[in-house]
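Hi,

Here is the structure I promised to pass on. Have a look at it first, and my notes come underneath.

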There are 2 protein chains.
Amino acid sequence: MGERNAIVLLSGGLDSATALAIARSQGFVCRTLAVSYGQRHAVELQAARTLSRQLGAVEHRQMHVDLADIGGSALTDSRIAVPESATAGIPVTYVPARNTLFLALALGWAEVTGSHDIFIGVNAVDYSGYPDCRPDFISAFETLAGLATRAGVEGGRLHIQAPLLRMSKAGIIRTGVELGVDYGQTVSCYQANDQLEACGRCDSCRLRREGFATAGLPDPTRYA
Amino acid sequence: MGERNAIVLLSGGLDSATALAIARSQGFVCRTLAVSYGQRHAVELQAARTLSRQLGAVEHRQMHVDLADIGGSALTDSRIAVPESATAGIPVTYVPARNTLFLALALGWAEVTGSHDIFIGVNAVDYSGYPDCRPDFISAFETLAGLATRAGVEGGRLHIQAPLLRMSKAGIIRTGVELGVDYGQTVSCYQANDQLEACGRCDSCRLRREGFATAGLPDPTRYA
């Protein structure tokens, strides 16, 4: 059996770093893709580069698409504040169509590199309620991917792998620690500063902090 | 009944200009989206701007994403020549995952602008055999769109409108002429020059030329 190539979407956060570690542990030759989309926490892009190397990807790429042009999210529009307590419904940190776009970019690169697997670190348990993190979304994209590409026409297959989909945040952290992920290098905070220091108050910080506490593991996050 | 907003993907070519004219004739308030993706025929982006205004869109946006980073296509990699005669299978001008990406960008903008319809000028009759122009692809994207967004969660709907899907090139041209499309402003050629002059030899030129001939209408294309 030859090499199995995979594209791994790597944001620089805790979840996608764990997804990369899982893909590597399953023997995939991994290429990592980070997307610069006008996010306020652009420091995560540095983290992605570091994590890609630490976790043994063969190549890292950063693509740019300016979702700030579209707006509609606290993550891409500096006039909308990041909430520092829980909110009802889909939070304002939701970025319209972000995962659809990321998967589309990964799909193009998968096709060119002969990769039949795309890993994405979405999670539908300890998550912020984003519509494009749900299991139905992932399977709909897999169906689409099978039709969208050369492989689809020529009888190939394409799997969207979301290994964290049904895991708790604590479970994700335990798995990652076992696989050697250095969570001190990951950035979860929506408003992290240039020194990779977290605010400790946004939704993403809250989920991360609770995850380490529940897992009973030391939290390496540096708070500002 | 209130305003019906639509996003129209507008490349600057013959098909998407016709799709815009159709959307307008159906009473949609249209926002047009062109994507600069590193295409060799970037002159089509100028054409898109002109056509958007001529055909009465309320807003035009150009987004950038560099698919040249991904490569794998004659349209984004200058080292791969554009074929000047018919080829078997999926041609090298196919850009991996291009329509998935374009629709993802349109989806984000649709969500922010309260648009429940996205128009795309794909055609599965007189076309180049690209996988992401097929009816199954369009319906799979519509399913995905219903799951990917806030509207999907909150019970809204999103339609992917592909009015040209089953039309012949001649039929598209006849429809557009009736609706007042100025085809002299559209660029179909994959290697058009800065003066919007076409090569007359690539697949896209060939389909366009045959379309005008079959429709029995004068071809306003200027050839280099």
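Below is what I found, starting with two helices and ending with the symmetry.

A bit of housekeeping: this is a predicted model, where local features need pLDDT of at least 70, side-chain atom pairs count only at pLDDT 80 or more, and totals for chains, interfaces and linings use all residues. Residues are numbered from 1 along each chain as its sequence is written, while chains are lettered from A and ligands numbered from 1 in the order in which they are written.

Start with α6 of chain B, residues 169-178 (helices are DSSP runs of H or I, at least four residues, numbered from the N terminus). Its buried residues are B:K169, B:I172, B:I173 and B:G176 (buried means 20 or more other C-beta atoms within 10 Å of the residue's own, with C-beta atoms placed from the backbone). They fall within an arc of 95° seen down the axis of α6(B), so they line one face of the helix (the arc is that of the directions from the helix axis to the C-beta atoms). These residues pack against α1 (14-25) and α7 (203-215) of chain B. Just after α6(B) comes B:G180, with a positive phi of about 85°.

In α7(B), the buried set is B:D203, B:S204, B:C205, B:R208 and B:G211, and it packs against α1 and α6 of chain B. B:G216 follows α7(B) and has a positive phi near 70°.

As for symmetry, a turn of 180° and a shift of 0.0 Å along the axis lay chain B on chain A with an RMSD of 0.0 Å (superposed by least squares on C-alpha atoms of residues with pLDDT of at least 70 in both). That is how a two-fold axis relates copies.

Cheers

Terms used. A residue is buried if 20 or more other C-beta atoms lie within 10 Å of its own, exposed if 12 or fewer, and partly exposed in between; C-beta atoms are placed from the backbone. Helices (H or I, at least four residues) and strands (E, at least two) are DSSP runs, numbered from the N terminus. Two residues are in contact if their C-beta atoms, placed from the backbone, lie within 7 Å.
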